[in-house]
Amino acid sequence: MVTLLNEYFREMVDVVFEYSGTLDKFIGDALMATWGGIRPASPEENARNAVLAALAMKERLAAINARRKELGVAPWSAGIGISLGPAVFGNIGSQQRMDMTVIGDTVNLASRIEGLTRIYGCDILVDERIANKANVCPVP
């Protein structure tokens with residue numbers, strides 16, 4: 001499992017950086033990334049980069065799974081949830097350990113959206129604001 005996760009994270013983190021994202025943290029078998037804040041750009045550019053990163057992640061995962069198939073290992077699946085909105089960036093924790101992170105309703109919504117990928121049987125789900133700003137799926 002550790003080898004699988006390290007291979008997966010190596011590929012996905014490369015994609016995050018390739019599309020001007022910031023790696024926030026690893027959460028078990030998931031990763032959290034942000035656009036904006038540390039690397040400010042327009043909301044449209046951040047939305048577009050987040051969506052392009054998600055699409056590139058899907059391609060990278062397909063390549064990982066092709067290699068796994070050659071080895072007779074079961075494929076890995078992943079869901080991606082993307083939300084656009086305000087978040088609080090800060091050093092969160094205790095005296096024993098602090099971590100820089102983002103928190104807020106936007107972060108929570110992205111997590112909930114990611115959870116819906118399993119229910120709807122899809123790889124990537126975005127909120128309405130991302131769809132409108134990224135111009136990937138305009139909502140009337």
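## Helix packing and the largest pocket

In this predicted model, helix 1 (residues 2-18) packs against helix 2 at an angle of about 150°, their axes lying 9 Å apart; helices are DSSP runs of H or I of at least four residues, and strands are runs of E of at least two. Axes are lines fitted to C-alpha atoms over the stretch in contact, with angles running from 0 to 180 degrees between N-to-C directions. Helix 1 is therefore roughly antiparallel to helix 2 (an angle over 145 degrees).

Heavy atoms within 4.5 Å count as contact. On the helix 1 side, the residues that meet helix 2 include Leu4, Tyr8 and Met12, and their partners include Ala53, Met57 and Leu61.

The largest pocket holds about 1,200 Å³ of space, a volume being the space filled by probe spheres set on the grid points. A pocket is an open set of points on a 1 Å grid where a 1.4 Å probe fits, with protein on both sides within 12 Å along at least five of seven lines; lining residues have an atom within 4 Å of a point. Of its 43 lining residues, Met32, Ala33, Thr34, Gly81 and Ala110 lie nearest the centre. Helix 2 gives the largest share of this lining, seven residues.

| Region | Nonpolar | Polar | Charged |
|---|---|---|---|
| Contact of helix 1 with helix 2 | ten residues | no residues | seven residues |
| Lining of the largest pocket | 27 residues | twelve residues | four residues |

In these classes, Ala, Val, Leu, Ile, Met, Phe, Trp, Tyr, Cys and Pro are nonpolar, Asp, Glu, Lys and Arg are charged, and the others, Gly among them, are polar.

Residues are numbered from 1 along each chain as its sequence is written, and side-chain values use heavy atoms, leaving out hydrogens and water. Local features need pLDDT of at least 70 and side-chain atom pairs count only at pLDDT 80 or more, whereas totals for chains, interfaces and linings use all residues.

Note on methods: Angles under 35 degrees count as roughly parallel, over 145 as roughly antiparallel, 65 to 115 as roughly perpendicular and the rest as oblique.
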